[in-house]
Amino acid sequence: MKIETIAIHAGNHVDASSKAVIQPIVLSTTFERAVDGTFPGGHIYSRASNPNRALLENLLAKLESGADAASFSSGNAAGMSVFQSLEPGTHIIAPDDMYHGLRNQLKNLFAGILEFDFVDINNSDVLQQHIMPHTGLIWIETPSNPLLKITDIKKVVNIAKTHGIKVACDNTFATPVCQRPLELGADLVMHSCTKYFGGHSDLMGGALITKEKSDWWAKIRQVQEYGGAIPAPMDCYMLVRSMKTLPYRMRGHVHNAQLLAEYLEKHPKVEQVMYPGLPSHPQHEIAKAQMDSFGGMLSFCLNGGEEEARRVINSLKIFTRATSLGGVESLIEHRATMEGPDTKTPFNLLRVSVGLEHIDDLVADMAKALG
């Protein structure tokens with residue numbers, strides 16, 4: 001089936017007892033045993049499994065062309081479960097431009113437990129130089145946050161396979177509508193479901209999708225069950241409902257982001273625009289080869305430094321000054337401030353989650369703010 005059909009049907013079934021077309025929300029934390037002690041409904045206790053979560057995970061797996069999926073209470077919980085599944089002393093190679101929440105996890109929670117290097121993964125020589133005998137995972141993020149770098153997934157996978165190393169890809173910015181890393185050879189995909197999957201800035205969630213049900217995947221599932229960082233039934237229901245429109249919402253996000261990026265690139269007050277759909281993007285050709293479309297996120301740097309960036313962001317009326325991304329409303333933030341004192345993000349950079357408002361209104365708002 002095509003992705004639009006999968007999005008509507010893979011997370012839903014007609015309820016057997018009521019014949020409701022939309023699945024009911026099952027709030028029960030526990031499930032009745034049969035007289036022989038088995039569980040005919042397939043569920044024991046909601047920390048282990050829940051009917052709404054089972055439907056959500058089936059939908060996630062189908063959208064990413066995976067063998068199975070595990071859902072979590074947040075994207076950070078999903079990422080942490082990957083790190084917790086690794087043996088102590090495992091070495092991880094991660095990108096130098098990486099979501100700060102997961103980078104901080106490694107630096108502040110796993111220091112002394114895992115080893116890690118943050119490198120330019122796009123540079124094959126640098127990547128090869130950092131591979132060690134105990135390297136167990138290469139973590140990639142493409143497009144990256146907030147510089148919108150594109151990693152050649154197939155190239156990294158080929159290098160990793162020669163050394164027996166697993167590859168996990170944070171696909172949050174792209175979503176499976178724009179890019180499917182498992183089809184390009186990655187072993188694992190991560191999402192912050194809070195973003196485009198939820199799509200309305202009103203719920204939190206995270207997900208991991210695996211290419212195959214391996215021993216490593218069994219460990220991740222164990223972390224999910226034992227750790228208990230799982231989404232509530234209502235959040236699972238809301239995610240399934242929202243994801244039905246994901247393919248169509250993403251088309252609007254991509255359309256608006258492309259046109260806004262083209263406008264900003266021509267503006268004399270803009271120093272640089274970072275959007276993989278622009279031919280000027282350093283990895284534009286890689287993006288064309290591995291992405292179906294270029295996503296709804298962009299960043300741009302302003303002439304005039306941090307002061308000008310703050311003036312512009314405070315002059316906007318339609319764009320909301322807020323962190324996060326993927327909602328129907330356009331959001332903009334001064335990313336360096338969000339990332340803290342050790343940020344490497346330029347202080348004249350603004351990150352934009354381009355929403356679904358009319359593009360003429362977004363451009364007019366930006367034009368007035370830029371002056």
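**How two domains meet in a predicted model**

Modeller: In this predicted model, domain 1 and domain 2 bury about 3100 Å² between them, and 59% of that area lies on carbon and sulfur atoms.

Colleague: What makes this a buried area, and which residues of domain 1 lose the most of it to domain 2?

Modeller: Buried area is the accessible area that two parts lose on being put together, summed over both, so the value of about 3100 Å² counts what domain 1 and domain 2 lose together. On the side of domain 1, Ile150, Cys178 and Tyr196 lose the most, together 23% of what that side buries.

Colleague: Where do the two domains lie along the chain, and how many residues does each bring to the contact?

Modeller: Domain 1 covers 3-241 and domain 2 covers 246-370, with 26 Å between their centres, taken over C-alpha atoms. The contact takes 36 residues from domain 1 and 38 residues from domain 2.

Colleague: Why is the pair Asp342 and Lys107 called a salt bridge?

Modeller: The closest N and O atoms of Asp342 and Lys107 are 2.6 Å apart, and the rule asks for a Lys or Arg side-chain nitrogen within 4 Å of a carboxyl oxygen of Asp or Glu, so the pair qualifies. Across the interface of domain 1 and domain 2 the rule finds three salt bridges, while 16 residue pairs are in polar contact.

Colleague: Which helix gives the most to the side of domain 1 that touches domain 2?

Modeller: Helix 1 (3-9), helix 4 (100-109) and helix 7 (175-178) each supply at least two residues of that side, and helix 4 gives the most, with four residues.

Technical notes
Residues numbered from 1 in each chain as written. Predicted model: local features only at pLDDT ≥ 70, side-chain atom pairs only at ≥ 80, totals over all residues. Heavy atoms only, no water. Domains from an automatic or database assignment. Contact = heavy atoms within 4.5 Å. Buried area = accessible area lost by both parts, 1.4 Å probe. Polar contact = N/O pair within 3.5 Å; in protein donor to acceptor, adjacent residues only side chain to side chain.
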